[in-house]
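Here is a friendly walk through one protein model, with an eye on its charged pairs and on one of its helices. Please have the sequence and the 3D view open as you read.

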Amino acid sequence: MSDKVHVTIIAEAGVNHNGSLELAKRLVDAALDAGADIVKFQTFKADRIATRQAHQAEYQKKNQNNNGQSQLEMLKRLELSDSDHRELLSYCEEKGIKFWSTAFDLDSIEYLRNLGIDLWKIPSGEITNYPYLKKIASFNQPVIVSTGMCEMDDVSRAIDALTNNGLEREKITLLHCNTEYPTPMEDVNLKAMETMRRKFGLEIGYSDHTRGIEIPIAAVALGATVIEKHITLDRGMEGPDHKASIEPIELKAMVSAIRNVEKALGDGKKRISPSERKNIAIARKSIVASRPIAEGEVFTEENLAVKRPGSGISPMRWEEVLGQKASRCFNTDELIEIK
């Protein structure tokens, strides 16, 4: 990496509030306490995004007692009202963390725009929704695109749809993602993130649905500039996304680890660091006498050795020293000097 970066960490509260404003605020508190940059929710009207015939995904059925509910019925329970949105926005401003939400239908896009949202998230399920992409592109504001369930051609077509409708290309960030909750480790395919960066020349990140926190940390080491991770107050709660989410203590550990990796990546310039400079003389070696050497004696491989400390002549000058005459007597292990 050529420049230092700040990894944007998004705590995805999503629908893990279970329709409760109180739980939503506690998720905000957890995100803030962990040091996340953004806490993100989901904005939708259930009847605008699912038909009565739409089934729940298998993971949704497994992760909650759905009692034969349709997707529409499940989503209705998870809607945030206008007053919920406004109170959460105010609460986040008061606490000092950025409020964000993903829109899942055209009306919700307009609603969030009226709330002052100026950064847009395209979830994996909307990446083939041309009218949706067209509307967001028309704002020409930064867009983060999740690419779960995508081939490279799907990603390319989504980028084209955005840029052809008014979005400047450099305002797009692509998130590698796998849309299974939780994602099996063998399906993560984290190297695809770098493949997208090379092919499209855009900023990259990672939206994670695995159990645990190691994969987002690895993604940062591979160059992710955005990390999104679902959070919950308790994985045992009923709801579609809780079991693929991390709890507050895990979020805190993930953020801390990412900040450490972020520091460790540095700026890419190879040089001596301030902390290690003092160890050069201790760890490196110098040319020394391997036995007593008389004045005028020629330096040879038989009377010289290389030993610590490194405060004398560098062994990289070995060939230069060989063949010269001692300007004075040297005792065993004494640092060699030459004129």
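What follows covers salt bridges first and then a helix, in a model that is predicted.

**Charged pairs**

Let's begin with the count: the model holds 23 salt bridges. Three of them are set out below, with the distance between the closest N and O atoms.

| Basic residue | Acidic residue | Closest N and O atoms |
|---|---|---|
| R48 | D107 | 1.8 Å |
| K229 | D208 | 2.5 Å |
| R328 | E337 | 3.3 Å |

Take R48 and D107, whose closest N and O atoms are 1.8 Å apart. This salt bridge links distant parts of the chain, since R48 sits in helix α2 (residues 46-49) and D107 in helix α6 (residues 106-115), with their positions 59 residues apart. D107 is partly exposed, at a relative accessible area of 45%.

Next come K229 and D208, with their closest N and O atoms 2.5 Å apart. K229 belongs to strand β8 (residues 226-230) and D208 to strand β7 (residues 203-208), so their salt bridge ties together parts of the chain 21 residues apart in sequence. Are these two partners buried or exposed? K229 has 0% relative accessibility and therefore counts as buried, the cut-off being under 20%. D208 is buried as well, with a relative accessible area of 0%.

The salt bridge between E337 and R328 has its closest N and O atoms 3.3 Å apart. E337 is partly exposed at 44% relative accessibility, and R328 is partly exposed at 27%. Elsewhere, salt bridges with shared partners join E12, K40, K121 and E228 into one network.

**Helix α11**

Now have a look at helix α11, which runs over residues 248-265 and has 18 residues. From its first C-alpha to its last, α11 reaches 26 Å, close to the 26 Å expected at 1.5 Å a residue.

Which residues of α11 are buried? They are L251, M254, V255, I258, R259, V261 and E262. These buried residues cover an arc of only 165 degrees around the axis, so they lie on the same side of α11. As a general point, an α-helix has 3.6 residues a turn, so residues three or four places apart point the same way.

What do the buried residues of α11 pack against? Their contacts are with β1 (8-14), α1 (21-34), α10 (214-221) and β8. β8 is also the strand that holds K229. On the face of α11 turned away from its buried side, you will find the exposed residues I249, K263 and A264. After α11 comes G266, which has a positive phi near 65 degrees.

Note on methods:
Residues are numbered from 1 along each chain as its sequence is written. This is a predicted model: local features need pLDDT of at least 70, side-chain atom pairs count only at pLDDT 80 or more; totals for chains, interfaces and linings use all residues. Side-chain values use heavy atoms; hydrogens and water are left out. A salt bridge is a side-chain nitrogen of Lys or Arg within 4 Å of a carboxyl oxygen of Asp or Glu. Helices (H or I, at least four residues) and strands (E, at least two) are DSSP runs, numbered from the N terminus. Buried means under 20% relative accessible area, exposed over 50%, partly exposed in between (1.4 Å probe, protein chains only). The expected span of a helix is 1.5 Å times one less than its number of residues. The arc is that of the directions from the helix axis to the C-beta atoms. Contact means heavy atoms within 4.5 Å.
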